[in-house]
Amino acid sequence: MDSFSYQGHSVVTSLNERNIYIKLVNQLNYLSYETNVDAKELRLQLQLPDIYKVICKCFEEEDKDYSVKIHYQNATMRLLFDAKIGGFLTISFETFVPEKIMSNDGQLTMNITKIEEDIAELRHENAS
């Protein structure tokens, strides 16, 4: 599991044998978006661990050759990944991340998400 702070969002990613889990929480309004994606959904002819590395490098913001753009479309977040691997191989892919709604009460959803975010930060601090 990896975590990042990216353009006003807390990001958590993890890899298992079948898919990549991505969760983003908007740090301003605490709306939460999450999904599981596999290589077929991303339409890439790469192994899942390699795709995961690219996604993480895009969220790290340390290398200008790796980037991700966030666009909101109703209750869905669109992530556009661009990577120039090795300085010459360019790949681009996108995924749609639906909003995670815990109830019909938007305020309750925001409060629960904020609590989850605080717990994750405490765990991260304790692990360091």
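How many bridges pair strand β3 (residues 20-26) with β4, and in which sense? Select both strands: they pair in the antiparallel sense over six bridges. What you have open is a predicted model, in which local features need pLDDT of at least 70, side-chain atom pairs count only at pLDDT 80 or more, and totals for chains, interfaces and linings use all residues. Residues are numbered from 1 along each chain as its sequence is written, and side-chain values use heavy atoms, with hydrogens and water left out.

Two conventions for the tour: helices (H or I, at least four residues) and strands (E, at least two) are DSSP runs, numbered from the N terminus. Two strands pair if DSSP finds at least two bridges between them.

**Stop 1: the four-stranded sheet**

Stay with β3 and β4, and pick I22, which stands opposite T35 in β4. Now widen the selection to the whole open sheet: four strands in the order β1-β2-β3-β4, with antiparallel pairing. At the edges are β1 and β4 (32-37), each pairing on one side only. From one strand to the next the twist averages 15 degrees. Angles here run from 0 to 180 degrees between N-to-C directions, and axes are lines fitted to C-alpha atoms, for helices over the stretch in contact.

Next, zoom in on β1 and β2, which run antiparallel and are joined by five bridges. Click S3 and look across to V12 in β2, which stands opposite. These two strands form a hairpin with two residues between them, and Q7 in the turn has a positive phi of about 45 degrees.

**Stop 2: T13**

Select T13 in strand β2 (residues 9-15). Is T13 buried or exposed? T13 has a relative accessible area of 0%, so T13 is buried (buried means under 20% relative accessible area, exposed over 50%, partly exposed in between, with a 1.4 Å probe and protein chains only). Show side chains and you'll find a polar contact between those of T13 and Y52, at 3.1 Å. That term means a pair of N or O atoms within 3.5 Å; within protein, one must be able to donate a hydrogen and the other to accept it, and residues adjacent in sequence count only if both atoms are side-chain atoms. Leaving aside neighbours within four places in sequence, T13 also has contacts (heavy atoms within 4.5 Å) with residues including M1, F4, I55 and F59.

**Stop 3: helix α2 and the rings**

Bring up α2, which lies across β1, β2 and β3 and runs at about 165 degrees to β2. In this helix, select L48. L48 counts as buried, at 10% relative accessibility. Not counting residues up to four places away in sequence, L48 touches L15, N16 and D38, among others. L48 and D38 are 10 residues apart in sequence, with 7.1 Å from C-alpha to C-alpha.

Now show the aromatics. Rings of Phe, Tyr and Trp (its six-membered ring) pair if their centres lie within 6.5 Å; planes under 30 degrees apart count as stacked, over 60 as edge-to-face and the rest as tilted. The count by this rule comes to five aromatic pairs. Pick F4 and F59: their ring centres are 6.0 Å apart and their planes at 25 degrees, so this pair is stacked. Because F4 lies in strand β1 (residues 2-6) and F59 in helix α2 (residues 48-60), the pair ties together parts that are 55 residues apart in sequence. F4 and F59 are both buried. Add Y6, F81 and F93 to see the cluster that ring pairs build with F4 and F59.

One more ring: K57 lies over the face of Y66, 4.9 Å from the ring centre. A charge sits over a ring if NZ of Lys or CZ of Arg is within 6 Å of the ring centre and within 35 degrees of the ring normal.

**Stop 4: the three-stranded sheet**

Finally, select the open sheet of three strands in the order β5-β6-β7, where the pairing is antiparallel. Its edge strands, β5 (66-73) and β7 (89-98), each pair on one side only. Neighbouring strands here are turned by 15 degrees against each other on average, direction ignored. Eight bridges pair β5 with strand β6 (residues 76-85) in the antiparallel sense. Pick K69 to find L80 of β6 opposite. Switch α2 back on: this helix packs on the sheet, touching β5, β6 and β7, and its direction makes about 100 degrees with that of β6. Last click: N74, which takes a positive phi near 55 degrees in the hairpin of β5 and β6.
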